[in-house]
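Student: I would like to go through the labels attached to this structure and ask, for each of them, what justifies the word.

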Amino acid sequence: MEKKKFYITTPIYYPSDKLHIGHTYCTVATDAMARYKRLTGHDVMFLTGTDEHGQKIENKAKEAGVTPQQFVDNIVEGEGGILDLWKLMNISNDRFIRTTDDYHVASVQKIFKKMYDKGDIYKGAYKGKYCTPCESFWTESQLKDGCCPDCGRSVVDAEEEAYFFKLSKYADRVQSLLEDTDFLQPRSRVNEMVNNFIKPGLEDLCVSRTSFTWGVPVDFDPGHVVYVWVDALFNYCTALGFLNDKYDDYDHYWPADYHFVGKEIVRFHSIIWPAMLMSMEEPLPKHVFGHGWLLLDGGKMSKSKGNVVDPYILAEKFGVDALRFFLMRTFPFGSDGNFSNELLIQTINTDLANDLGNLVSRTTAMAGKYFDGTLPAGCKTCAAPEAVDADLIAMVSALRDQYEKDMESCAPHTALNDVFKVIQRANKYIDETAPWALAKDMDANGERLAHVLYNLLETTRICGILLTPFMPESMEKLFVQIGACEACRDWASANQWGRLCETVTTTKGENLFPRIDMEKAIAELEAAAEAARKATLPAIETEPLATENVDFDTFCKSDFRAVKVKACENVKKSDKLLKFTLDDGTGTDRQILSGIAKWYKPEDLVGKTLVAIVNLPPRKMMGQESCGMLISAVHTEKGEEKLNLLMVDDAIPAGAKLC
């Protein structure tokens, strides 16, 4: 492979106040690609960042009672923010850009002015539909059931003075770019862009706003701010020093090799972005790849829908590398994937615990047991090699080339599948060669046994190299356990059988991927999710006051009395009801049934003085008669219903009327 520069980007992320596993998906994929390219010897620049302007941010800051800058600073740099998440997920980006960075703001102003001076931006008035959450303009015909076609939420009427970019001027060139080149991948995205947006007639794009102020100011026309998608898209250039002095490697790295983006923003990256670069007469990026969504219960993860999965909880419970692996192993990168905790645990148990973990632990354990951890000289070869040896070696020797084809095709899931076919074959090889049987006669079979173990360690070494972009920390531990030195962990050695030293010394280390108890883990995750949900709720919620008035005479007809609990017990075959035997001052016991078993134990209520309405008509509950109703107070605390019986001073005698 020719060694060259490689520039790869994720989209810059909107500073959401609730990050979820969907935010992580694209960035982990981009990180794996960047690590792969570094592994192959490329000069890599990996960029990510945050898109911090727009009406949505301004609105959220107002709701929070802070300035927009304070709002984004907290979410980007604060505890649990985007920078923390990228650190947690071991993201190896070389540069991080914020669209509020001074150098970027200055560059965007120059870019806007240059397109204006060229005549590609002109002043007019915008009237149409606008989706605030997506920061997107839509025509009436583009709406889906009257709502935003991307997120499905309501749009608002927008009318204001604005500048427009002559997007229609570049329609033919953009269509040719999409249809005649491999610029946009996967190919399925091309027809969607051409048929839905270009062929119906590509309208000029509104590129400034006057209805809010949180954005890059149009410096030659006060009151206008640059449309957020102009501001955001040019980050890929400004982060390299385009029209600024902050960096000076634009000429070296541009054009980008890949923009990895979610499918919901493919329109911006494959139509608007190349058109603006054409206007600026700058080279176009080589590829835009629109990956699918992670879905939960059939829908896109979204804080507004309340269906988010917390990556912090998953990483803490299962490990960062296991989570990274799951995201890349399980879902074809160009398609949507249905996330579930069960699928995550199943993948970890099957691939990492059963297959890879088993291979490492069995092989190192046998090397320790039969050779005190160090294989003897000559173990690379065998006087009488068997067909199973040749079969395994041939499969491993062909692995790197196939893996490379997969990664170059942006198919990390396929690359991982190829690696795990070899790992599964190696586990089968253990059963076929039966090292434990060979060890029964070391004099006769010692050489053969050492050769078998060497083949297993060498297979593990090569697989470990190819898994490094996905699980970097775990593979470092793996290399230590199998005794792979630095010299045999590089890309070249992944295509060279026999690079592992034949007198290799193994170490029986920790279990890299312990098997997970599915039932227990699911219960713990559900409890954690419920706790997190409750933490976002108001501390205490009470029922709203009744709006219907009750006249005084009607109220006076209700007979409230103090009653003392003589006995209390659970009602058979009911999880809710308690049966009370009460002294109501008449000399005859009164029986009342109340659905409060969730909150009280019967024995805790005996002897208490409660309040009851005693002139209600009797009614049957679970076949037993209930004569009256106990008075209680109900409220909601952290999402959980609470109930408290109304109790009065025990000095009040049974039968005393409350008035």
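Tutor: Let us start with the salt bridges, of which this predicted model has 34 by the rule applied.

Student: What makes D31 and R324 a salt bridge?

Tutor: The rule asks for a side-chain nitrogen of Lys or Arg within 4 Å of a carboxyl oxygen of Asp or Glu, and the side chains of D31 and R324 meet at 2.7 Å, N to O, so the pair satisfies the definition. D31 lies in helix α1 and R324 in helix α13 (residues 320-330), so the bridge ties together parts that are 293 residues apart in sequence. Both D31 and R324 are buried.

Student: How do you know that E408 and K37 meet in a salt bridge, and what does the pair tie together?

Tutor: Their side chains come to 2.8 Å, N to O, and because the cut-off is 4 Å, the pair counts. E408 is in helix α16 (residues 399-408) and K37 is in helix α1, so parts 371 residues apart in sequence are tied together.

Student: Why is K37 called buried, and why is E408 called partly exposed?

Tutor: Buried means under 20% relative accessible area, and K37 has 4%, so K37 is buried. E408 has 33%, which lies between the 20% limit and the 50% above which a residue is exposed, so the label is partly exposed.

Student: What makes E386 and R448 a salt bridge?

Tutor: The closest N and O atoms of E386 and R448 are 3.4 Å apart, which is within 4 Å, so the criterion is met. E386 sits in the loop between α14 (341-371) and α15 (387-397), while R448 is in helix α19 (residues 442-467), so the pair links distant parts of the chain, 62 residues apart. E386, at 43% relative accessibility, counts as partly exposed, whereas R448, at 11%, counts as buried.

Student: Why does S594 count as buried?

Tutor: The relative accessibility of S594 is 11%, and because buried means under 20%, the label follows. S594 is found in strand β19 (residues 590-594), and, leaving aside residues up to four places away in sequence, S594 touches K576, L577, L578, F580 and L630.

Student: Why is F555 called partly exposed, and which patch does F555 help to make?

Tutor: F555 has a relative accessible area of 48%, and since exposed means over 50% and buried under 20%, F555 falls in between. Together with V550 and F552, F555 makes a nonpolar surface patch of about 360 Å².

Definitions and conventions:
Residues numbered from 1 in each chain as written. Predicted model: local features only at pLDDT ≥ 70, side-chain atom pairs only at ≥ 80, totals over all residues. Heavy atoms only, no water. Helix = DSSP H or I, 4+ residues; strand = E, 2+ residues; numbered from the N terminus. Buried < 20%, exposed > 50% of the residue type's maximum accessible area, 1.4 Å probe, protein only. Contact = heavy atoms within 4.5 Å. Patch = residues over 30% accessible without salt bridge, like charges linked within 9 Å, V, L, I, M, F, W, Y side chains within 5 Å. Areas by Shrake-Rupley, 256 points an atom, 1.4 Å probe, with all protein chains shown as cover.
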